[in-house]
Amino acid sequence: MAMKSALKAIRERGLGTFFRELKEEGFLRALLDGNLMSLSLLLQTKLHNRGATLVGVDKFGNKYYEKLEGTQFGRHRWVEYAEKSRYNASQVPAEWHGWLHFITDHTGDELLMLKPKRYGVEHKENLSGEGEEYIYHSKGHALNPWQRDWSRYQPWQPTKTE
Amino acid sequence: MGLGLLASRAMRPLRNSHSSVFLRTIVSKPELQSAESSAAAQAPPEPDLPPRTPVGGARIHFPNPEDAIEVFVDGYPVKIPKGMTVLQACEVAGVDIPRFCYHSRLSIAGNCRMCLVEVEKSPKPVASCAMPALPGMKIKTDTPVAKKAREGVMEFLLMNHPLDCPICDQGGECDLQDQSMAFGSDRGRFTEMKRSVVDKNLGPLVKTVMTRCIQCTRCVRFATEVAGVQDLGMLGRGSGEEIGTYVEKLMTSELSGNVIDICPVGALTSKPFAFKARNWELKGTETIDVTDAVGSNIRIDSRGPEVMRIVPRLNEDINEEWISDKTRFCYDGLKRQRLNDPMIRDADGRFKAVTWRDALAVVAEVALQAKPEEIVGIAGRLSDAESMMALKDLLNRMGSNNVWCEGTGTQPSADLRSGYIMNTTISGLEKADVFLLIGTQPRVEAAMVNARIRKTVRANNAKVAYIGPATDFNYDHQHLGTGPETLTELAEGRHPFCSAISNAKNPVIIVGAGLFEREDKDAIFATVEAIAKKHNVIRPDWNGLNVLLLNAAQAAALDLGLVPESTNSIESAKFVYLMGADDVNLDKLPNDAFVVYQGHHGDRGVYRANIILPASAFSEKEGTYVNTEGCTQQTLPAVPTVGDARDDWKIIRALSEVAGLTLPYDSVGGIRTRIRTVAPNLLNVDEREPATFGPSVKPEVTGKMDTTPFKSAVENFYMTDSITRASKIMAQCSAMLLKK
């Protein structure tokens, strides 16, 4: 199936263009990896994006597509993650979440204007399972390197005497 | 039927016949059901006077039964002694009159006008705090006239009072706030600008926001009458009237913190407590103070694990309702320099934190190797009776009896209780008319006792004579001399002051516990007793010979018999157990001696220690203390212990088990049972146990007094123990307030 549509694409747009696009997407790297799975996924994405409009790209490089004709309603917006191997839904920043999930028709770039300058924090993906040092720990958590000290007394510090 | 109505019906005396109570059917109006009770209900109603209880449990004492007069408060008759004011009569009748300037322990000013009440046949409302009650007076406290008067006064008071309750430290415990809610109008008519007043600097303890002041002059009266310093006063007239020091000056009184309590508004608040907490988030623990030997009753207000402030508690016999600044502001010392882990000193002289198991094992091993006569135990000035009992028991089991409490000198005599407590009692000092202070400066040694002496001097012009180094008193006194020669003169009747003592009705001699440290203390005490005998100071109905102790643990230590066997045990000691003892002189200690320091602060005692066992401070434990007049009181834990610290007695109990000399108790109750066999008076909490025998049964002393003059026992009022020495506020006070 994938092969068939790939061939179709080559036929429609010429071999040169096809390879240039693939190169841009890191296809060759995937080829060198020998990871056929990611290769086929990449191809699939590439093919899926045909005819769709690129609505925006967020600061992480995730691309947001929309295609109104020829798709089932409700499946007409999608994201192509910048991260090709370890992607997950939490990589979509808050401002694009609403557009992607049909909550709003405002794109993330428009919604970014509403982000409070003073206290709006940077989006951070969910790093569970990536190791203790990456995960969020509350201010009192023992693994938080900046763990807050709640002790209400100051201990005596032994100093060398005599 | 609402709850309130139910309650009022339950409280009201039953007027109906009893049948309606016992045979009650399930209807809301039994009168409608039975003819008999409906007839009773129609009986002419007597005036509806719910029984009243005096405000705050106020009691009246009739010195002279003929002087009783009857007045009517809201139609309710009360009998009061002659000379009481209208306000006091209302209090006895159970009516709380709003007031700002009136304070029962201060003179009457009558300038806030909040206590206006209506009196029949009086053309205007009268200020009840300043008006003496007259026989047959008909006082009305809830008539429209009285209500309107209060509302008007409140409107005037609020005219110049800033609306800054949300940022005011008094918020929640402010008299003006409460009374404007209860008696004030719901609107004001004032549209002009409010006046503002420059804040005064009263020192490191009292914060002033003088714009909030309502000129009640309570602080001025407190300073002049109770504290005895002429620092505060009124300046200006009318709306320009303000409280202040005449010249820029700090308030140098050891009782200055009390103006915070008596200020009805937020004009005078606590500087260390400023913006730290609100009073409704604090947990109050009623306990006692250990920074001096008075044992003032205090309430420790804590939030979570932190002591936020200390305020006084009423105890007429000890501290009335005042406490000294050291008591009130020492609490930040409880949060600094705390020992929180057991530590052992390494070979290179550094302390290393270890576990309790290791620490106790090391202590037990060293202790068991030492010879019994080389073991010494010293209790500190803040130790409680339970831990001193445990320490003495442990050392006795090890075979040593060299255990004492610091500050009692090398040869304390615990044989006669009258020889180390205040026999007159603190409240009994008020009956005295001549004071002879020997080697004691009560102003720095026990500020509350000094306040009592000052009260007596003010009330009945008592004479005060003083023997000791020059010092300042806040009342008139005669400085008789500086040393034992004056004592000899008094004992031999050669001194001109002798006639004053002899002619006195209730003479009082107060001897300072600083003299315990002198070598010739037995001779000095013998001379003092000779003076007492010569001038009839001790009579069956009056015991005027007192000792003013210096620290909280002393009386309990002597009650428990913490008396060392040999006077120079330190010089040959191999194992020294310091239980919070910081001020003991360890210069003569051999270098190879092993010192265990058990305590709560890294203070002087730590620097010679080989091993540190962290213990709990007085705010964290339940402990029994005996104050200088022999009254047993208990502390209660207000906050949890810090780190790995444990209660003193628990550490000693654990050590005894590790050493294989298990003490036969493992609970506070167990220790108290043990204490019962030694000093049963330590179990009668909040009761004063008088001494049984006077000094007359004492054996003759054949010693001669040294001629060296007496020394002052307390160098720095603000820093006397490990807690106060760790406190930053106390350090500030001693830097700013002590005279150079």
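Visitor: Which residues of strand β26 of chain B are buried on its two faces?

Guide: This is a predicted model, where local features need pLDDT of at least 70, side-chain atom pairs count only at pLDDT 80 or more, and totals for chains, interfaces and linings use all residues. Residues are numbered from 1 along each chain as its sequence is written, chains are lettered from A, and side-chain values use heavy atoms, with hydrogens and water left out. Strands here are DSSP runs of E, at least two residues, numbered from the N terminus, and buried means under 20% relative accessible area (1.4 Å probe, protein chains only). Strand β26(B), residues 611-614, is covered on both faces, with Ile611(B) and Leu613(B) buried on one side and Ile612(B) and Pro614(B) on the other.

Visitor: And which residue of β26(B) is the bridge partner of Met343(B)?

Guide: Strands pair if DSSP finds at least two bridges between them. Strand β13 of chain B, residues 343-345, is joined to β26(B) by two bridges and runs antiparallel to it. The partner of Met343(B) in β26(B) is Ile612(B).

Visitor: What stands opposite Leu613(B)?

Guide: For that one, look at strand β25 of chain B, residues 594-599, which pairs with β26(B) in the parallel sense over four bridges. The residue opposite Leu613(B) is Gln598(B).

Visitor: Switching to rings, why does the pair Phe516(B) and Phe525(B) count as stacked?

Guide: Rings of Phe, Tyr and Trp (its six-membered ring) pair if their centres lie within 6.5 Å; planes under 30 degrees apart are stacked, over 60 edge-to-face, and the rest tilted. A search of the whole structure turns up 14 aromatic pairs over all chains. Phe516(B) and Phe525(B) have ring centres 5.6 Å apart, and the pair is stacked because the planes are at 10 degrees.

Visitor: What angle lies between the planes of Phe717(B) and Tyr718(B)?

Guide: Phe717(B) and Tyr718(B) are both buried. Their rings form an edge-to-face pair, 5.0 Å centre to centre, with the planes at 70 degrees.

Visitor: Why is there no bond between the sulfurs of Cys115(B) and Cys129(B)?

Guide: A disulfide is a pair of cysteine sulfur atoms within 2.5 Å, and the count over all chains is zero. Cys115(B) is buried, at 1% relative accessibility. The closest cysteine sulfur to that of Cys115(B) is in Cys129(B), and it is too far for a bond, at 3.6 Å.

Visitor: Which cysteine has the nearest sulfur to Cys213(B)?

Guide: Cys213(B) counts as buried at 13% relative accessibility. Cys213(B) is in no disulfide, and the nearest cysteine sulfur, 6.2 Å away, belongs to Cys219(B).

Definitions and conventions:
Buried < 20%, exposed > 50% of the residue type's maximum accessible area, 1.4 Å probe, protein only.
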